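The following note sets out some points for a colleague's consideration. Please read it alongside the model.

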Protein chains: 2
Amino acid sequence: MTTAAVDKRRVILDAAVRVFARQGFHTCRVSDIADEAGVAYGLVYHYFSSKEEILDTLFLERWDVMLAAIAESDASQRSPRDKLYAVAAFIIDSYRHDPELMKVIIVEVTRAANTFGLTHLEKIREAYAGIAGIVEHAQADGLFRSEITPEFAAQAFYGSVEQVLTGWIFDSVPIGAPEFERAKTLIVETICRGLER
Amino acid sequence: MTTAAVDKRRVILDAAVRVFARQGFHTCRVSDIADEAGVAYGLVYHYFSSKEEILDTLFLERWDVMLAAIAESDASQRSPRDKLYAVAAFIIDSYRHDPELMKVIIVEVTRAANTFGLTHLEKIREAYAGIAGIVEHAQADGLFRSEITPEFAAQAFYGSVEQVLTGWIFDSVPIGAPEFERAKTLIVETICRGLER
DNA sequence: TGAAGCTGACTGACCAGTCAATCGATCGCC
DNA sequence: GGCGATCGATTGACTGGTCAGTCAGCTTCA
């Protein structure tokens, strides 16, 4: 685990992102990942105990950062609208920075949470809960109306963001910086107008 | 193909819904479907050319009805809000009527459109286009503001609905009639307030 | 010299799809 | 009204291919 030498574990993880994004988790072979990483088949099992553990690792690495971002946003002194903007921006920038990883997380994990263990489900719920928290605080401050439950608002918000990402993922239309910024604004604008008093 | 005799093709399709919902498309075996249907293994291949064709059939059967419902709603003389309410109501009632089928469609098809052929992608896009059409007409009539593109609004709307269904699918909390009605109202209320002038 | 990093051939299980054979309903014909 | 021909429906054992995960051994470096 030297710093100078290439960290093969990392190389395998990065290769797995590309392979999962290209072929899908179920359809790809472990040997595809090894080939993509330029590494012997067995080495994959030196670092990971199963194909699924690779996916788990990729998901958790990113998701935990997102949970922290949501919590940090809620803890800040910004307006609810700005807080939600920060969350949308984080997710959209994650896609912008590494679309393949986000594709894998959305398509293979977030939307297939039943086939895997319940660990992921719990993590995913934490994200909803975090967003719901933002809404709840806004309601307590009288800034959002209270007809709509926080849980519900969180689902609508997260669902909108994920659906927009899904559109980009599947439509294969190249997206530039202005579209990303525009998307952040539009989502927050639409949902917040619906939630604000 | 008598009326009195059981239509085995239908029996197989219905069994497949249960098996796909329970075990997932990738994880289940064709023999599981045959067993669930109380039918010999080979009969599945008498009616369907592959496991995937069964899933395709289930998806298209339902999705085409939905596309018709969206088109019909847009063609009506109702207000944009009522049109969108009708769409949300259709989807939510579909879930209410047959949650297992909707689970399969959402989890295995809608959200995994990359692994399968592009046929499904096209069908799914048709639904967005239909919803976008409703928004577009509303904008043309000056009822919705035009800052938000119809395509974008459609994604936000559909994404919200699907996310709410996903919550029900995975949370395994029993849902009653009032919750279904409430969900329809809340989604439409949230999104339309964001879109209306 | 020894331990961690690394290799890739091998195996055991699994399963989609095939197929040859049987069943049974319907029909034409005497 | 009985008899066999025909053909779709139905059966389930079998095959061929695939692949996750194993393991025995080699390499490298401290």
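How many residues does helix H4 of chain A have, and how far does the helix reach from its first C-alpha to its last?

1. Helix H4 (residues 51-75) of chain A has 25 residues and reaches 37 Å from its first C-alpha to its last. This is close to the 36 Å expected at 1.5 Å a residue, the expected span being 1.5 Å times one less than the number of residues. Helices here are DSSP runs (H or I, at least four residues), numbered from the N terminus.

2. On the basis of the numbering, residues count from 1 along each chain as its sequence is written, while chains are lettered from A and ligands numbered from 1 in the order in which they are written. The model is predicted, with local features needing pLDDT of at least 70, side-chain atom pairs counting only at pLDDT 80 or more, and totals for chains, interfaces and linings using all residues; side-chain values use heavy atoms, without hydrogens and water.

3. The buried residues of H4(A) include A:Ile54, A:Leu55, A:Leu58, A:Phe59, A:Trp63, A:Met66, A:Leu67 and A:Ile70. Among them are also A:Lys51 and A:Asp74. Buried means under 20% relative accessible area (1.4 Å probe, protein chains only).

4. Chain A can be laid on chain B with an RMSD of 0.0 Å by a turn of 180° and a shift of 0.0 Å along the axis, which is the relation of a two-fold axis. The same surface serves both copies, as 100% of the contact residues of chain A recur in chain B. The superposition is by least squares on the C-alpha atoms of residues with pLDDT of at least 70 in both copies; contact means heavy atoms within 4.5 Å.

5. DNA strand D is surrounded by 15 residues, a residue being near if one of its heavy atoms lies within 4 Å of the strand. The closest are A:Val30, A:Tyr41, B:Ala40, B:His46 and B:Tyr47. Sugar and phosphate make up 62% of the strand's atoms that come within 4 Å of the protein.

6. Two base nitrogen pairings deserve attention: a polar side-chain atom of A:Tyr41 lies 2.6 Å from a base nitrogen of DNA strand D, and a polar backbone atom of B:Gly42 is 3.1 Å from a base nitrogen. An N or O atom in the side chain of B:Tyr47 is 2.8 Å from a phosphate oxygen of the strand. H3(B) gives the most to the surface near DNA strand D, with five residues.

7. B:Asp32 belongs to helix H2 (residues 30-37) of chain B. B:Asp32 counts as buried because its relative accessibility is 12%.

Notes:
A polar contact is a pair of N or O atoms within 3.5 Å; within protein, one must be able to donate a hydrogen and the other to accept it, and residues adjacent in sequence count only if both atoms are side-chain atoms. Helices (H or I, at least four residues) and strands (E, at least two) are DSSP runs, numbered from the N terminus. Buried means under 20% relative accessible area, exposed over 50%, partly exposed in between (1.4 Å probe, protein chains only).
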